Amino acid sequence: MSDRGPGTAAPPSPGSTTPGTRRVAPPTAGAPPLPVWPLTVMFALVPLWWALGAFYLGWAMLGAVLLALLVARGRVALPAGAAWWLVFLVLVLLSATRLDRVTAYLTFGLRYGFLVTALVVCVYVYTLLREGAPWERVLRPLGWYWLGLVGLGWLAVFATDFALTTPVEMALPASVADERYLQALTHVRLNEFNPWSRTPIYRTAAPYPYTNNWGTAYALLVPCVLAYLTSVRTGRFRTVLWVSLPLSVVPAFLTLNRGMFVGLGAGLLYLALRALVRGNARLIVSIAGLVLLVWIVSLVVPVQEMINARVSTTDTNIDRLDLYVRTWQAVQQSPLLGYGAPKSVDTTLAAEPLGTQGLIWQILYSHGIPALVLFLGWLVLVARRLAAAVSPAGHWLSTVPVIALVVIPVYAYIDPNLSIIFFAVGAGLAAVAGPVNRASVGPSSMARPVPLTPWRTRSIGRAAVPAGPRRATGIAAVPLRTAVRAVRRVTGAPEQAPAPDPMPAPDSTPAIPSPSRPAEDTPGPSGPAPASQPGSGASPGGGAT
């Protein structure tokens with residue numbers, strides 16, 4: 001996949017590949033290419049990890065496998081924004097000095113593992129695509145993740161009160177398993193249900209402990225699925241994804257997540273405005289079709305009435321506002337490093353701890369104001385970089401950081417959802433930062449191979465441009481011999497045998513076969529091809545009279 005505009009191809013530079021090849025950035029000498037199967041194990045088997053109770057607790061272990069493969073491979077290039085994230089990780093680690101309980105170190109280590117694993121996933125995906133791994137293979141694990149989310153969502157529709165004591169829960173010591181946060185992660189349920197609510201309702205949650213996490217994952221994964229569908233044009237997996245899109249709307253509506261609708265709507269509005277400015281009618285029609293689909297399903301599922309009934313009979317908004325006020329008051333007492341982790345108090349109307357009900361408040365309370373600035377700065381930076389995308393898949397992936405920015409005041413995603421964001425960002429940055437060659441996977445604009453050339457970036461947020469001179473395009477760039485041969489083929493005039501060149505020029509180089517011509521068009525090892533074969537090796541002017 002390449003997110004370069006038309007007419008920006010440049011001659012291959014030393015160390016690059018010729019058109020039609022799949023590798024664009026050779027790996028470290030002696031190192032094998034990175035495999036895709038660790039991403040498949042990590043993202044595609046989410047229902048299994050959920051049933052074992054290891055979805056949250058084992059996520060960092062799966063990320064450690066990716067890190068080990070990167071370390072074994074050798075030196076890798078870091079994508080844009082990695083430096084910001086590394087500084088953020090340092091500040092988060094320093095905030096651990098503010099913890100005051102032993103169990104708090106366990107939950108801190110779990111959350112810190114999510115932060116590190118997300119960066120590892122981004123670097124892994126970025127490296128895979130920059131080395132020419134097939135686009136459909138790299139992005140497919142996110143498609144499986146999506147199918148697992150939708151499948152568990154429909155299971156929650158039919159088995160509303162299903163709960164499971166998992167093997168991980170039984171293996172943990174009682175003192176650890178009874179911790180409220182860890183209990184929610186290991187004792188799995190299909191739905192979130194609050195029996196003390198005035199109007200209790202089952203809301204889709206699995207594989208997450210809370211329905212807000214499910215809604216966040218849904219808003220983030222929809223653009224990733226559409227990126228796959230717009231770049232891969234064939235295959236059964238593509239058909240399954242198309243079918244799953246309308247089916248997913250029902251469990252999504254049953255979450256009653258207002259933040260999910262707002263985040264996804266903001267992403268679509270952002271993409272629609274960009275398409276309108278650039279005159280991309282096809283993208284505007286795609287967005288309109290998606291909105292129409294949601295509206296049709298809303299006629300069957302009365303989601304608006306359900307949301308109104310829930311809001312009118314609960315004090316959710318009042319509780320959240322009181323929690324936010326108390327959180328900000330506490331942050332003013334420790335603005336630089338925070339308190340290390342959320343903390344329960346008995347001075348708020350809400351039952352939730354300070355530093356919850358929104359990632360902004362979690363980072364502020366747990367890690368301080370500088371950490372929040374770095375986190376928001378990373379999202380803004382990658383959003384600007386991905387705004388340079390020109391391909392359909394790049395357009396959809398560019399909405400992921402925008403959605404993450406919109407939902408950050410009300411939803412937290414320091415969990416596996418953070419790896420979804422970094423997965424999408426890594427794939428998008430690999431496309432925007434330069435060409436990504438791969439073999440064609442079908443009639444898709446994302447599968448056209450482009451030769452690698454040295455790249456430079458003008459400034460933050462602009463598309464990468466070739467450092468060398470731009471290659472000529474158009475009729476004037478067609479060689480005279482090629483033009484004459486084309487005319488002869490049309491008129492039926494016989495071709496003359498090329499005259500052999502007894503003394504080739506000293507600076508002549510072997511001809512590189514073009515991928516658009518058959519193999520028999522290239523010179524053989526014993527000399528020029530027979531005269532009956534067009535495109536045979538010839539001296540300058542030979543065969544053109």
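**Exercise 1. Pro 409 and its surroundings**

In which loop is Pro 409 found? Place the residue, then list what surrounds it.

*Solution.* The model is predicted: local features need pLDDT of at least 70, side-chain atom pairs count only at pLDDT 80 or more, and totals for chains, interfaces and linings use all residues. Residues are numbered from 1 along each chain as its sequence is written, and side-chain values use heavy atoms, with hydrogens and water left out.

Step 1. Pro 409 sits in the loop between α19 (400-407) and α20 (416-432). Helices (H or I, at least four residues) and strands (E, at least two) are DSSP runs, numbered from the N terminus.

Step 2. Pro 409 has 31% relative accessibility and so counts as partly exposed. Buried means under 20% relative accessible area, exposed over 50%, and partly exposed in between (1.4 Å probe, protein chains only).

Step 3. Apart from neighbours within four places in sequence, Pro 409 is in contact with Tyr 324, Gln 357, Gly 358, Ile 360 and Trp 361. Contact means heavy atoms within 4.5 Å.

Step 4. Leu 359 is 50 residues from Pro 409 in sequence, yet their C-alpha atoms are 6.1 Å apart in space.

Step 5. One of the contact partners of Pro 409 is Gln 357. Gln 357 lies in the loop between α15 (316-331) and α16 (359-367). Its phi is near 65 degrees, a positive value in a residue other than glycine. With 23% relative accessibility, Gln 357 counts as partly exposed.

**Exercise 2. Helix α3**

Check the length of α3, then work out which residues of α3 are buried and what covers them.

*Solution.*

Step 1. Helix α3 (residues 59-73) has 15 residues, which at 1.5 Å a residue should span 21 Å; the end C-alpha atoms are 22 Å apart, so the two values agree. The expected span of a helix is 1.5 Å times one less than its number of residues.

Step 2. The buried residues of α3 are Trp 59, Leu 62, Gly 63, Leu 66, Leu 70 and Arg 73. They cover an arc of only 100 degrees around the axis, which puts them on the same side of α3. The arc is that of the directions from the helix axis to the C-beta atoms.

Step 3. Met 61, Val 71 and Ala 72 are exposed residues on the face of α3 turned away from its buried side.

Step 4. The cover over the buried residues of α3 includes α1 (37-44), α2 (46-52), α5 (102-130), α6 (135-158) and α20.

Step 5. After α3 comes Gly 74, with a positive phi near 115 degrees.

**Exercise 3. Two helix pairs**

Describe how α3 packs on α5, and how α6 packs on α10.

*Solution.*

Step 1. Two packed helices are described by the angle between their axes and the distance between the axes. Axes are lines fitted to C-alpha atoms, for helices over the stretch in contact, and angles run from 0 to 180 degrees between N-to-C directions.

Step 2. For α3 and α5 the angle is about 45 degrees and the axes are 9 Å apart. The two helices are therefore oblique to each other. Angles under 35 degrees count as roughly parallel, over 145 as roughly antiparallel, 65 to 115 as roughly perpendicular and the rest as oblique.

Step 3. The crossing of α3 and α5 is left-handed, meaning that the near helix is turned anticlockwise from the far one by less than a right angle (right-handed if clockwise). Residues making the contact include Trp 59, Leu 66 and Arg 73 of α3 and Phe 114, Val 120 and Tyr 124 of α5.

Step 4. α6 and helix α10 (residues 211-231) pack at about 140 degrees, with axes 9 Å apart. This pair is therefore oblique as well, and its crossing is left-handed. Among the residues that meet are Trp 135, Tyr 145 and Trp 146 in α6, and Trp 214, Tyr 218 and Tyr 228 in α10.

**Exercise 4. Loop residues**

Locate Pro 207 and Leu 256, and give a backbone feature for each.

*Solution.*

Step 1. Pro 207 lies in the loop between β4 (203-204) and α10. The peptide bond from Ala 206 to Pro 207 is cis, with omega near 10 degrees.

Step 2. Leu 256 belongs to the loop between α11 (236-254) and α12 (258-278). Its phi is near 55 degrees, positive in a residue other than glycine. Leu 256 has a relative accessible area of 1% and is therefore buried.
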